[in-house]
Amino acid sequence: MTAHTRRYPVHIGTVTHQYESSPVQASQILADFGFTPPELYILERLEGDRAVAEYGSQDAVSLDSPDKNRFRAVPAGGGRA
Amino acid sequence: MTGSTVTESVDESALPPAFMQGLEAIRRRLLPEAVVEVVDDNFAWIRLGETILDNGLFTATRARLWARAPLTFPNAVPYGIATAPILVRVDGRAIDRQHVNHQMVQALGRVVGVTDLAFYSWDWNSMPTREAADLVAIVEWARRRLREG
């Protein structure tokens, strides 16, 4: 009997990474996708183009619903000059 | 006469290597269709495609979006975004720091064949500048400005 490891795909833009556990800290996801330092970003879960949840770098992100694991990394900085 | 140097037909191979690393990171990770539309002095206008405006803030429901990035990134930082059409708020209020047909977007307008463009003052304060690939943040940086109205 073969033990199967559950995988949790996560998508940001055109890139997908697979995780083997859930939840995952947002800072880990941001770093894995190259958004560093993660403190400068907010991770937003998307449905279509709309954000339905947001996570600071220290937040735990559930990946239990594979069809809902599309995110965007929104920089927290920037301002009206 | 502005005295600026405008390159309307951009040869990407002539752009600085670090800038191109940033542009390639945008294409590879977020937006394959991102291109430099025009170079105006030391800044490039990067085409970020069409953005859906579904937050009910504007009369338009979509807009073409560009971001202005320095060729010397990350040693200098992006400043300013542009849209076509010129966005108008549903509630009739002025959009903070929106400038219609500002001098900074004149070269861009010529290249893309758009008469009316809006420029938005939007800075890179507290944004990543550690390496060339940090330019990838410019995509959501620009889109967030539109979501905020």
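How many bridges join E4(B) to E5(B), and do they run parallel or antiparallel? I count four bridges there, with the two strands antiparallel.

**Ground rules.** I am working on a predicted model, where local features need pLDDT of at least 70, side-chain atom pairs count only at pLDDT 80 or more, and totals for chains, interfaces and linings use all residues. Residues are numbered from 1 along each chain as its sequence is written, chains are lettered from A and ligands numbered from 1 in the order in which they are written, and side-chain values use heavy atoms, with hydrogens and water left out. For elements I take DSSP runs numbered from the N terminus: helices are H or I with at least four residues, strands are E with at least two. Two strands pair if DSSP finds at least two bridges between them.

**Entry 1, around E5(B).** In the pairing with E4(B), I found Trp66(B) opposite Ala82(B). E5(B) also runs antiparallel to E7(B), joined by three bridges, and here Ile81(B) stands opposite Tyr120(B). Next I looked up the side-chain directions: Ile81(B) and Thr83(B) point one way, Ala82(B) and Ala84(B) the other, and all are buried (buried is under 20% relative accessible area, exposed over 50%, partly exposed in between, with a 1.4 Å probe and protein chains only). In a regular strand the side chains alternate between the two faces of the sheet.

**Entry 2, Glu37(B).** I found this residue in strand E2 of chain B, residues 35-40. Is Glu37(B) buried or exposed? It counts as buried because its relative accessibility is 11%. Its side chain makes a polar contact with the side chain of Arg47(B) at 2.8 Å. For that term I use a pair of N or O atoms within 3.5 Å; within protein, one must be able to donate a hydrogen and the other to accept it, and residues adjacent in sequence count only if both atoms are side-chain atoms. Leaving out residues up to four places away in sequence, Glu37(B) touches, among others, Trp45(B), Trp66(B) and Leu108(B) (contact means heavy atoms within 4.5 Å).

**Entry 3, the sheet of chain A.** I read off an open sheet of five strands with mixed pairing, in the order E2-E1-E7-E4-E5. Strands E2 (15-19) and E5 (50-55) of chain A each have a single partner strand, so one side of each is left without a neighbour in the sheet. Inside the sheet, E4(A) (residues 41-47) and E7(A) (residues 70-75) run antiparallel with five bridges, and Arg45(A) has Phe71(A) as its bridge partner in E7(A).

**Entry 4, a helix from chain B.** Helix H3 of chain B (residues 138-148) packs on this sheet, touching E4 and E7 of chain A. Eight of the 11 residues of H3(B) are buried, including Trp141(B) and Leu146(B). After the helix comes Gly149(B), with a positive phi near 75°.

**Entry 5, the interface.** The contact takes 24 residues from chain A and 27 from chain B. The two chains bury about 2,100 Å² between them, 49% of it on carbon and sulfur atoms; this is the accessible area (1.4 Å probe) that two parts lose on being put together, summed over both. On the chain A side, Pro75(A), Arg80(A) and Ala81(A) lose the most, together 29% of what that side buries. I also found three salt bridges across the interface (a side-chain nitrogen of Lys or Arg within 4 Å of a carboxyl oxygen of Asp or Glu). Arg80(A) forms a salt bridge with Glu148(B), its closest N and O atoms being 3.4 Å apart. Which strand gives the most to the side of chain A that touches chain B? That is E7(A), with four residues.

Notes:
Axes fitted to C-alpha atoms, helices over the stretch in contact; angles between N-to-C directions.
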